[in-house]
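Biologist: Please put the model up. I would like to ask how some of its labels are earned.

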There are 2 protein chains.
Amino acid sequence: MIKRAKRVAVLSPVAWRTPPRHYGAWETVASNLTEGLVARGWAVTLFATRDSITRARLHAVIDRGYEEDPGADPKVAEYLHIAEAFEHAAEFDLIHSHYDFMALSYSRLIQTPVLTTIHGFSSPKIMPVYEKYRDGYYVSISDADRAPTLNYLATVYNGIDLSLYPFQDRAGHDLVFLGRIHPDKGVHLAIEVARLSGRRLIIAGIVQDEAYFHERIEPHLDGQTADYIGPVGVAGKNRLFAAASALLHLNTIPERFGLVLAEANAAGVPVVAMDLGSCREVVADGQTGFLVSTPGQAVQALGRLAEIDRRACRRRVEQRFSIASMVAAYERVYATIFELEESKCR
Amino acid sequence: MIKRAKRVAVLSPVAWRTPPRHYGAWETVASNLTEGLVARGWAVTLFATRDSITRARLHAVIDRGYEEDPGADPKVAEYLHIAEAFEHAAEFDLIHSHYDFMALSYSRLIQTPVLTTIHGFSSPKIMPVYEKYRDGYYVSISDADRAPTLNYLATVYNGIDLSLYPFQDRAGHDLVFLGRIHPDKGVHLAIEVARLSGRRLIIAGIVQDEAYFHERIEPHLDGQTADYIGPVGVAGKNRLFAAASALLHLNTIPERFGLVLAEANAAGVPVVAMDLGSCREVVADGQTGFLVSTPGQAVQALGRLAEIDRRACRRRVEQRFSIASMVAAYERVYATIFELEESKCR
């Protein structure tokens with residue numbers, strides 16, 4: 001039973017507006033969660049930049065995201081913003097922080113419980129902070145992204161806005177890669193699969209590693225094996241999904257949480273993904289795509305695409321990777337925290 | 001009346017060890033103050049790096065200064081270090097922070113009063129933090145370095161260790177410049193004064209602005225007008241003071257607090273300084289040196305050096321710029337804070 005009268009503060013980063021105009025994955029999650037909680041009747045205060053857009057009560061001391069404000073000092077913005085939320089802690093039953101390790105350092109100075117969604121470990125150097133505050137409440141964004149030395153209340157997958165990715169009934173012919181052009185994302189492996197399977201690969205995304213692009217990708221952009229179309233927005237993604245027989249995601253390092261896999265599945269597009277990190281959690285092997293370990297296995301998987309029920313792909317995303325499922329999962333986490341806190345008082 | 005049973009936490013930076021091996025002005029002040037307070041019977045806990053050296057109780061969570069530790073993440077070190085002190089706030093009657101604006105952001109989350117020595121405003125961008133926490137206790141390091149929008153309990157001058165700079169009875173013949181080789185420090189003006197007065201200038205210090213050094217300084221290093229001897233330690237400074245008829249400090253921007261002026265005076269050396277910033281507070285015009293506004297006035301001042309009583313120079317430093325005078329001044333500030341806090345409770 002969720003008590004609807006509970007007051008929740010959502011602490012969003014201030015690198016970008018919430019929701020962000022373009023980039024800003026953490027701000028996106030904070031926004032989707034906040035609006036979802038408001039819709040479900042929670043009393044939510046969003047701590048974010050002053051130009052943020054929300055139906056919750058907005059509490060802001062920083063005018064604009066420091067990444068969008070040439071006059072800003074990120075360190076000053078960060079300290080002022082985080083401290084402000086904690087100074088108002090007594091007004092809330094829970095502070096839900098999306099502000100990495102920095103916010104944790106204030107958590108023992110207040111009475112209000114603090115839930116931290118760990119959106120990823122940017123460096124092993126930040127682990128000592130998470131370890132110091134390990135008696136706090138942590139949520140992971142995938143089972144694969146958990147640190148073995150920490151305790152987690154739950155894994156809550158980031159939810160996507162399903163209305164942005166309408167279901168497409170008919171499969172296209174191309175292969176699609178969507179993501180940063182970087183060796184970690186295995187774009188070169190996707191090209192190899194395209195070459196071996198005789199299917200054309202459309203590559204979309206920002207070039208993050210110029211040398212990699214020029215040496216390993218560009219030579220194959222002949223319009224037959226592969227094409228590069230630059231970064232795309234939501235409309236561009238939907239056009240790609242319409243053209244796709246499958247999304248190829250042959251990442252070479254563990255994926256924290258592959259949002260694009262869920263987006264493709266939402267549109268009904270099967271995913272062929274490397275079995276590394278969280279891919280196994282997003283893709284149901286044999287049902288919404290295939291998990292592989294080599295380009296050769298990926299080519300074989302492409303021969304089995306007819307086995308995939310495109311509606312099952314959509315359904316799985318609705319159940320597990322939608323904003324609604326994310327909000328519901330956080331509601332369960334909040335309920336657990338309130339029960340644990342009450343048991344402390346008894 | 002100072003109550004000796006009061007427990008004080010001194011929060012030093014963790015950029016360097018406390019005291020620092022070489023550079024580290026703020027860590028030096030924190031160290032001098034801590035050891036001085038211990039000698040006076042206070043119960044002091046020093047929050048600093050684990051390799052720090054102190055007679056106080058050392059509380060450390062960071063092994064080495066992040067500037068001395070290639071494996072360190074400064075941001076992680078800073079957050080862990082500052083939070084640790086505030087998490088132990090209840091053990092202290094006062095937290096005396098030397099940790100800039102960052103520590104302020106924790107100050108409203110605890111009951112213990114926090115005194116912040118503002119060692120300088122690194123940028124106008126940090127002012128919003130000082131303004132937000134303006135109801136806190138601030139100390140300036142010179143009257144000249146005060147921000148007009150803030151309230152200060154006192155100015156407390158940094159104290160130097162007088163035993164490092166023994167009094168030298170007899171004046172030398174040279175002029176001396178000691179400091180960073182940078183246009184702000186007016187080394188070119190000192191050279192002009194040397195040229196006009198026919199006295200040799202010895203320049204010591206690190207070259208911070210290479211172009212300035214090559215264009216404005218190097219052409220004059222003929223061994224007659226000027227000589228450059230590189231950076232010097234304490235022994236080198238004392239040799240320079242022995243050779244000096246006067247220290248020239250013709251800074252072109254306001255000085256926050258000219259420690260080298262006090263060091264020269266401690267050795268009995270008169271100071272000819274630009275009347276900008278805190279120079280007027282350190283040098284007593286006509287008694288321990290001369291304040292000037294132009295190189296021409298500096299040349300005239302050199303003709304009046306015989307008016308300066310070298311013992312008076314030493315005496316003034318003992319009274320105003322020694323560790324003892326700094327500790328005594330902070331004891332008065334602490335007493336004021338304790339009185340103000342008690343009046344709040346009544």
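Modeller: The labels are taken in turn below.

This is a predicted model, in which local features need pLDDT of at least 70 and side-chain atom pairs count only at pLDDT 80 or more, while totals for chains, interfaces and linings use all residues. Residues are numbered from 1 along each chain as its sequence is written, chains are lettered from A and ligands numbered from 1 in the order in which they are written, and side-chain values use heavy atoms, leaving out hydrogens and water.

Biologist: What confidence does chain A average?

Modeller: Chain A averages a pLDDT of 95, on a per-residue confidence scale from 0 to 100.

Biologist: Why is helix 8 of chain A called largely enclosed?

Modeller: Buried means under 20% relative accessible area, with a 1.4 Å probe and protein chains only. Seven of the eight residues of helix 8 (residues 259-266) of chain A are buried, so the rest of the structure largely encloses it. Helices here are DSSP runs of H or I, at least four residues, and strands are E runs of at least two, numbered from the N terminus. The cover of the buried residues includes strand 8 (174-178) and helix 11 (310-320) of chain A.

Biologist: Why are helix 1 and helix 12 of chain A called roughly perpendicular?

Modeller: Their axes, lines fitted to C-alpha atoms over the stretch in contact, cross at roughly 75° and come within 9 Å. Angles of 65 to 115 degrees count as roughly perpendicular, and therefore helix 1 and helix 12 of chain A earn the label.

Note on methods:
Buried < 20%, exposed > 50% of the residue type's maximum accessible area, 1.4 Å probe, protein only. Contact = heavy atoms within 4.5 Å. pLDDT = per-residue confidence, 0-100. Axes fitted to C-alpha atoms, helices over the stretch in contact; angles between N-to-C directions. Parallel < 35°, antiparallel > 145°, perpendicular 65-115°, else oblique.
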